[in-house]
Amino acid sequence: MKQRVLSPLSVFDEPQLRMLFAEFNVNEKHINSIYRHIIQNGVTSFDDIPQLPVRIIAPLKERFVFSTSRIAERMDASDNSTTKLLVELQDGQRVETVIMRYGEVELKSFPESEKVRRQKELNLTDRPFKSKKRATVCLSSQVGCAMGCTFCATGTMGLLSNLTTGEIVEQLVHANTVEKIRNVVFMGMGEPLDNYEAVLGAINAMIDTSRFSLSPTRITVSTVGVAPRILSLMRDVPQIGLALSLHAPSQALRQQIVPSSKAYSLEKILDATFAFIENQNKPNPNNPRHILVEYVLIENINSSTEVAHELGQLFAHRVDRKDVLVNVIPYNPTDVVEEYEKPTPETLKNFVAIVRSYGVHTLIRQELGQDIASACGQLVVKKKRDGCNGDALDLEDIGKTKSSVKAVGSPRVSRKAGTVTKKTGGNFRMRAGFLTYDFLRIGGTAFGMGLLGVFVVRTLLKK
């Protein structure tokens, strides 16, 4: 993978900023002052930062900018629950950042069975449903993804590049211009632990009291299971939330759905995951936090009663610890893997009931923003129909002129229980977009409820 080089750099790329200050022999205490005035006071020029030594201002202007990216497009859900920001990077690549709002439309967006159950509880107490208003942002860490999850459009496209710490932090800055953000989840494009140093730098910036001053308990990182990096998180930022994208209870089935899981066995991943949460709960064992286990349920693939029993058995020994929460996410069909199907209501109900029968805390995801194309590929398809100036491209086509782009076959997956077979067919381009997303308030922490595969789309270069 070719390393991206930004010029100018983002002021939020702290290591490079510190190198500049060392080069000009300027006290690094001024770096905190820069961040404080940008984030808290909204200054837009280095000239407006008081007490900044004169000799560093010109180099700062030459090598750094307040933002290397911009909001290219904004879409809002009709109920105002969700806002999607299309963020254009310095080199023209684009990713999405999603803002979720909770507290006003939460009950009506519950799955029907959960909505009925909750409404019955409220009727018994004669109380209205209330939920504290809050906003969560979902961030991307890479352009594309190397993990190859077969149900995720982004995952089938391969990894194009890593985002820098500054580009990740800028997504939070952009989101804050729309809504005051209280919670952050790394569930967008890419595998966060595959871009560890940049993600760690972004997290440290977010929890720094001189910058965003977010509590580490309000930041969650989702991973398919990069075991050594889970242990690194335990050492470097032990109080953040951790979500594991599991999707199968056995190594054999998981390798078919998440090909990259061949690198680390399920046993090693779970050992690292349990070590993380046990270390986190040591100081306060009577009020344990959860590991969120994300499970995208796909009809006839990982949805059988046998698989449900396996999943329940996998976590049954953790029931007394109360440190595992399984979130079942009904698959949202896409053009990319078109033969995958959303589970029927009966399949979903039975699957969850079986897992719960083992005492495992299990929930069904809550959906928000469906009317602004939250499924894989929907936004790209809509943009094409609306006749926008850009086109949806394969990753390998990004940067090519229009005349050199050819339609490619979309991968298909045959539907046999426990098998995933890639095929090629159709003459439409592979598209990437949202898979699923949602967040649930549990124990004072906002947890992400699904993977967010953020689409890549780039305006074609003119001849």
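This short presentation describes the fold of one protein chain, from its overall make-up to its central sheet, its helix pairs and two individual residues.

Good morning, colleagues. Please bear in mind throughout that the structure before you is a predicted model. I shall begin with the overall composition. The protein has 12 helices and 18 strands. Of its 463 residues, 58% count as buried. As for the contacts between residues at least 6 apart in sequence, 70% of them join residues at least 24 apart.

Let me turn to the sheet. Which strands form it, and in what order? There are 10 strands in this open sheet, and they follow the order E3-E4-E5-E6-E9-E10-E11-E12-E13-E14, with mixed pairing. At the edges stand strand E3, residues 70-76, and strand E14, residues 361-364. Each of these two has a single partner strand, so one of its sides is left without a neighbour in the sheet. From one strand to the next, the twist averages 20°.

Within this sheet I would draw your attention to strand E11, residues 241-245. Why may E11 be described as largely enclosed by the rest of the structure? Five of its five residues are buried, and the strand is therefore largely enclosed. The burial applies to both faces: Gly241, Ala243 and Ser245 lie on one side, Leu242 and Leu244 lie on the other, and all of them are buried.

E11 also has a partner on either hand in the strand order, between E10 and E12. Strand E10, residues 219-223, runs parallel to E11 and is joined to it by four bridges. Two bridge partners can be named here: Val221 is paired with Leu242 of E11, and Thr223 is paired with Leu244. To pass from E10 to E11, the chain goes through helix H7, residues 227-236, and this β-α-β crossover is right-handed. Towards strand E12, residues 291-297, E11 has three bridges, and these two strands likewise run parallel. In E12, it is Val293 that stands opposite Leu244. Leu244 thus has a bridge partner in E10, namely Thr223, and a residue opposite it in E12, namely Val293.

I now come to the packing of helices, for which I have three pairs.

The first pair is helix H10, residues 305-315, with helix H11, residues 345-356. They pack at an angle of about 30°, and their axes are 8 Å apart. Since angles under 35 degrees count as roughly parallel, H10 and H11 are therefore roughly parallel to each other. H10 passes H11 in a right-handed crossing. On the H10 side, the contact is made by Thr305, Val307, Ala308, His309, Leu311 and Gly312; on the H11 side, by Phe351, Ile354 and Val355.

The second pair is helix H5, residues 165-178, with helix H6, residues 196-207. Their axes come within 8 Å and cross at roughly 45°, which makes H5 oblique to H6. Here too the crossing is right-handed, as H5 passes H6. Four residues of H5, Thr165, Ile168, Val169 and Leu172, meet Glu197, Ala198, Val199, Gly201, Ala202, Ala205 and Met206 of H6.

The third pair consists of helix H1, residues 14-23, and helix H3, residues 54-63. These pack at an angle of about 145°, with their axes 11 Å apart, and their crossing is right-handed. H1 contributes Leu17, Leu20, Phe21 and Glu23 to the contact, while H3 contributes Ile56, Pro59, Leu60 and Arg63.

Finally, let us consider two single residues. Is Thr82 buried or exposed? Thr82 belongs to strand E4, residues 82-88. Its relative accessible area is 0%, and the residue is buried. Between the C-alpha atoms of Thr82 and Arg101 the distance is 6.1 Å, although the two residues are 19 apart in sequence.

Lys322 offers a contrasting case. This residue lies in the loop between H10 and strand E13, residues 324-330. With a relative accessible area of 58%, Lys322 is exposed. Which residues does Lys322 touch, leaving aside its neighbours within four places in sequence? They are Pro288, Arg289 and His290. In addition, the C-alpha atom of Lys322 is separated by 10.0 Å from that of Pro285, a residue 37 positions away along the chain.

To close, I return to the sheet: strand E11, with five of its five residues buried, runs parallel to E10 and to E12. Thank you for your attention.

Key. Residues numbered from 1 in each chain as written. Predicted model: local features only at pLDDT ≥ 70, side-chain atom pairs only at ≥ 80, totals over all residues. Heavy atoms only, no water. Buried < 20%, exposed > 50% of the residue type's maximum accessible area, 1.4 Å probe, protein only. Pairing = 2+ DSSP bridges. Right-handed = clockwise from strand over helix to strand, strands pointing away. Axes fitted to C-alpha atoms, helices over the stretch in contact; angles between N-to-C directions. Parallel < 35°, antiparallel > 145°, perpendicular 65-115°, else oblique. Left-handed = near helix turned anticlockwise from the far one by under 90°. Contact = heavy atoms within 4.5 Å.
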